[in-house]
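I opened this notebook to record, entry by entry, what I looked up and which cut-offs stood behind each term.

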Amino acid sequence: MVGELRVLTALDVAKTQWYHFTAIVIAGMGFFTDAYDLFCISLVTKLLGRLYYTEPGAPKPGTLPPRVQASVTGVALCGTLAGQLFFGWLGDKLGRKRVYGLTLVLMVVCSLASGLSFGSTPKGVLATLCFFRFWLGFGIGGDYPLSATIMSEYANKKTRGAFIAAVFAMQGFGILAGGVVALIVSYAYDQKYNLPTYEQNPEASIVPSFDYVWRIILMFGAIPAVLTYYWRMKMPETARYTALVAKNAKQAASDMSKVLQVELEAEEEKVQKLTQEKSHRYGLFSKEFLRRHGLHLVGTTTTWFLLDIAFYSQNLFQKDIFSAIGWIPPAQTMNAIHEVYKISRAQTLIALCSTVPGYWFTVFLIDYMGRFAIQLMGFFFMTVFMFALAIPYDHWTKKANRIGFVVIYSLTFFFANFGPNATTFVVPAEIFPARLRSTCHGISAAAGKAGAIVGAFGFLYAAQSKDPKKTDAGYPTGIGIKNSLIVLGVINFFGMLFTLLVPESKGKSLEELSGENDRSADAEPEVSAATSRV
């Protein structure tokens, strides 16, 4: 049995050690950068509209045209989807470590290049920005399957959920850092220029040097990635890949002896014998995979798809919701830099009060409550709070009730992160065989990004007012924020239903979960959606 391989048993029963925390930081800083780069764009889109699309004499400052807004917001998500599929597959073919540095280099180069976007016309600048953000997303996409798989294969089975969730929880700090950096940059520029509002003097409410503001904010995302590159390259390949996929028992024992600081024997004969068994030979498109893991893959892809529709539409368009309830004043009552400041302040408050705490509740409780319970609970409360916002929406828009709106809106973020946003990342890294683990995680994550694209592109139009006079410039009428929230509530409800297909993986070794320790060719994998939660 695979469980009898001493190098893997040693990893499963190892006490929490320094190398666990090192791995969390190294992998987690990638996710810090991922979240920063994906979400900081929502802080500067209003500024881009003012800089490049303000018409002289217009009563309101310029905004990005609908197609440009959709492209700037969503192009990185398209790149992420492609990167998840490509690097997920490559991680199983070439090894986790060999591909890991490449994704980081791509993220650093494209973060810097996004801030250096050039062109003599608005269309030129934004086309260049979209080009670099697509490839930035491509690198970010690779980080999802590789970081999750590396952490799951390094961790012990007792605290594996917490370690993988801790890597993902760095997303919360990335979102928070985006808001903080934008606050600092916008405050510094405001102190230097002290400009009038657009109403008072349209031409004086913005100066050409504000073009540096969005560039500085976007480029800052490269810094944490650069800082961790050396340590990422020093990490050894995971023992599970080396032993079970590359079939190099000697190297696996040598690498893990250094990591665990114990002597481990190279069991070359046992590895060769194991990898000849049927449970180690079936491919992704085989009947055997369909029988063993087909429903599991349906569960991980559908729940991540549905979750990200809600999560990304909330994140990317929270500035529109804040405007609707009065947290962000009408654009013409602010100058360009005040608008960046107020949008950043709102995002930072939400991140600080609900997004970051939600992630860490998951980290501390996932190995006690289990993945299934947290995911089901999260979808349930997201559904409840979405409907609580949507049904009495007119009540929440009144000035006296705005704080209540923000509290409930924050709770939807809290239960997204103390819920499916974390667990959909964790589970695909645990339940599939080593030779397909990175690929299956990449497929699940790509389904999530398909949902994010629906959320980013679809709700950009859907959330527009039904009243043609109240829509943003260039947009057709939509179904309004109230009806958009109702739709998101229904989507979360379906997420709850599809969670029933996802197995519980708490407290079991990766080989038990994937069925790789089955001696019988006809044996079922250890978990099933129906029995694993009993």
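**Threonine 383.** I looked up the neighbours of threonine 383 and found that, leaving out residues up to four places away in sequence, it touches Gly489, Asn492 and Phe493, a contact being heavy atoms within 4.5 Å. Threonine 383 lies in helix 16 (residues 371-390); helices (H or I, at least four residues) and strands (E, at least two) are DSSP runs, numbered from the N terminus. With a relative accessible area of 8%, threonine 383 is buried, where buried means under 20% relative accessible area, exposed over 50%, and partly exposed in between (1.4 Å probe, protein chains only).

**Basis of the entries.** I note that this is a predicted model, in which local features need pLDDT of at least 70 and side-chain atom pairs count only at pLDDT 80 or more, while totals for chains, interfaces and linings use all residues. Residues are numbered from 1 along each chain as its sequence is written, and side-chain values use heavy atoms, with hydrogens and water left out.

**The surface patch.** I then turned to Phe493 again, since Val490, Phe493, Phe494, Leu497 and Phe498 make a nonpolar surface patch of about 400 Å². For patches, the residues must have over 30% relative accessible area and no salt bridge, with like charges joined within 9 Å and nonpolar side chains (Val, Leu, Ile, Met, Phe, Trp, Tyr) within 5 Å. Phenylalanine 494 is placed in helix 21 (residues 480-498), and its relative accessibility of 41% makes it partly exposed.

**The chain as a whole.** I counted 22 helices and zero strands in the chain. Of its 534 residues, 62% are buried, and the chain exposes about 20400 Å², of which carbon and sulfur atoms supply 66%. These areas come from the Shrake-Rupley method with a 1.4 Å probe, and for residues only the protein chains shown count as cover. Among contacts with a separation of 6 or more, 82% join residues 24 or more positions apart.

**Nonpolar cores.** I searched for nonpolar cores, each a set of buried Ala, Val, Leu, Ile, Met, Phe, Trp, Tyr and Cys residues joined through side-chain atoms within 4.5 Å. The largest has 142 residues, and those with the most contacts inside it are Leu48, Tyr144, Phe210 and Trp214. Helix 7 (residues 160-193) gives the largest share of this core, 16 residues. A second, separate core of 10 residues includes Leu284, Phe289, Leu297 and Val502. Returning to tryptophan 214, I found that it touches, among others, Val44, Leu47, Leu48, Leu51 and Tyr52, residues up to four places away in sequence not being counted.

**Salt bridges.** How many salt bridges does a search of the whole structure find? I obtained 14, taking a salt bridge as a side-chain nitrogen of Lys or Arg within 4 Å of a carboxyl oxygen of Asp or Glu.

- Arginine 240 pairs with glutamate 511, the closest N and O atoms being 2.7 Å apart. This pair links distant parts of the chain, with arginine 240 in helix 10 (residues 239-245) and glutamate 511 in helix 22 (residues 510-514), 271 residues apart; both residues are buried.
- Glutamate 288 and arginine 291 meet at 2.8 Å, N to O. They are separated by about one helical turn because they are three residues apart in helix 13 (residues 287-316). Glutamate 288 is buried at 11% relative accessible area, whereas arginine 291 is partly exposed at 36%.
- Aspartate 308 bridges to lysine 449, with the closest N and O atoms 3.7 Å apart. Aspartate 308 lies in helix 13 and lysine 449 in helix 20 (residues 434-462), so the pair ties together parts that are 141 residues apart in sequence. Both aspartate 308 and lysine 449 are buried.
- Asp92, Arg96, Glu153 and Arg437 are linked in a network of salt bridges.

**Positive phi values.** I looked for positive phi outside glycine and noted asparagine 194, with phi near 50 degrees. Asparagine 194 sits in the loop between helix 7 and helix 8 (211-219) and is exposed, with a relative accessible area of 64%. Lysine 247 also has a positive phi, of about 60 degrees; it lies in the loop between helix 10 and helix 11 (249-260) and is partly exposed at 36% relative accessible area.

**Cysteines.** Last, I checked for disulfides, defined as a pair of cysteine sulfur atoms within 2.5 Å, and the structure holds zero. Cysteine 110 is buried at 5% relative accessibility, whereas cysteine 353 is exposed at 55%.
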